[in-house]
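Me: Please examine one part of this model closely and set out what can be said about it. I would prefer a single connected account, with the reasoning made explicit wherever a classification is used.

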Amino acid sequence: MLYLFCGLLGGAILAAICIPLFRKDDTLDSTIIEETEWDLLQRKKEVILGNIQDLDFEYKCGKLSEEDYKKVRGEMSAEAAVVFQEIDGIESSKDLDVLIRREVAARKNKTKPSKIVICQSCGFKNPTTNKFCADCGTKLKQ
Ligand SMILES: [Zn+2]
């Protein structure tokens, strides 16, 4: 009876994992939405928690030895702790505007790899293509 139950649940878990995978292929175009660091961390968290649940389940079904279970569980918990910390770090800023600005700045830096030159005289941030400060006209050190 227990084996049947485990088998059924295992099948359900497998289906739950596989069905979204197949569905993703159909709607790939619409799912290409840029993700923020926070989104990625949230997804990572869900995956890790899911893995831990699966592991607990397999251990309860007797598929894993206690030694293996404790070892893998420890590794997963450590991984989860890192992700939680990163999420906390982002969320502790609380101010959503800060998050958005940080994200926008990161994107800008990605699309425009050229660095900036800070004016020695007024502190204005000039693109490296500028020879003179756009704000005060001082000659820039390249
Ligand atoms: Zn200047």
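Reply: A helix here is a DSSP run of H or I with at least four residues, and helices are numbered from the N terminus. The model is a predicted one. The part chosen is the pairing of helix 3, residues 37-60, with helix 4, residues 66-91.

The axes of helix 3 and helix 4 come within 9 Å and cross at roughly 160 degrees. An angle over 145 degrees counts as roughly antiparallel, and helix 3 is therefore roughly antiparallel to helix 4. The crossing of these two helices is left-handed. Sorted by class, the residues in the contact of helix 3 with helix 4 comprise 15 nonpolar, three polar and nine charged.

Individual positions give this pairing some detail. On one side, leucine 49 belongs to helix 3. The C-alpha atoms of leucine 49 and serine 77 are 8.8 Å apart, although 28 residues separate the two along the chain. Leucine 49 has a relative accessibility of 38% and therefore counts as partly exposed, because that class lies between the limits of 20% for buried and 50% for exposed.

On the other side, alanine 81 is located in helix 4. Between its C-alpha atom and that of lysine 45 the separation is 9.3 Å, with the two positions 36 residues apart along the chain. The relative accessible area of alanine 81 is 40%, so alanine 81 is likewise partly exposed.

For context elsewhere in the model, a zinc ion is coordinated by the SG atoms of Cys119, Cys122, Cys133 and Cys136, at 2.2 to 2.3 Å. The angles among the four donor atoms run from 107 to 114 degrees, and the site is tetrahedral. The spacing of the donor residues in sequence is C-x2-C-x10-C-x2-C. Cysteine 119 lies in the loop between strand 1 (116-118) and strand 2 (125-127), whereas cysteine 136 lies in the segment after strand 2, so this pair ties together parts 17 residues apart in sequence. Cysteine 119 is buried, at 4% relative accessibility, while cysteine 136, at 38%, is partly exposed.

In summary, helix 3 and helix 4 are roughly antiparallel with a left-handed crossing, and their contact includes nonpolar, polar and charged residues.

Note on methods
Residues are numbered from 1 along each chain as its sequence is written. This is a predicted model: local features need pLDDT of at least 70, side-chain atom pairs count only at pLDDT 80 or more; totals for chains, interfaces and linings use all residues. Side-chain values use heavy atoms; hydrogens and water are left out. Donors are N, O and S atoms within 2.8 Å of the metal (3.2 Å for Na, K and Ca); water is not among the atoms, so sites may look incomplete. Four donors count as tetrahedral if all angles lie between 85 and 135 degrees; four count as square planar and six as octahedral if opposite donors are over 155 degrees apart and all others between 65 and 115; anything else is irregular. Buried means under 20% relative accessible area, exposed over 50%, partly exposed in between (1.4 Å probe, protein chains only). Axes are lines fitted to C-alpha atoms, for helices over the stretch in contact, and angles run from 0 to 180 degrees between N-to-C directions. Angles under 35 degrees count as roughly parallel, over 145 as roughly antiparallel, 65 to 115 as roughly perpendicular and the rest as oblique. A crossing is left-handed if the near helix is turned anticlockwise from the far one by less than a right angle, and right-handed if clockwise. Ala, Val, Leu, Ile, Met, Phe, Trp, Tyr, Cys and Pro count as nonpolar, Asp, Glu, Lys and Arg as charged, and the others, Gly among them, as polar.
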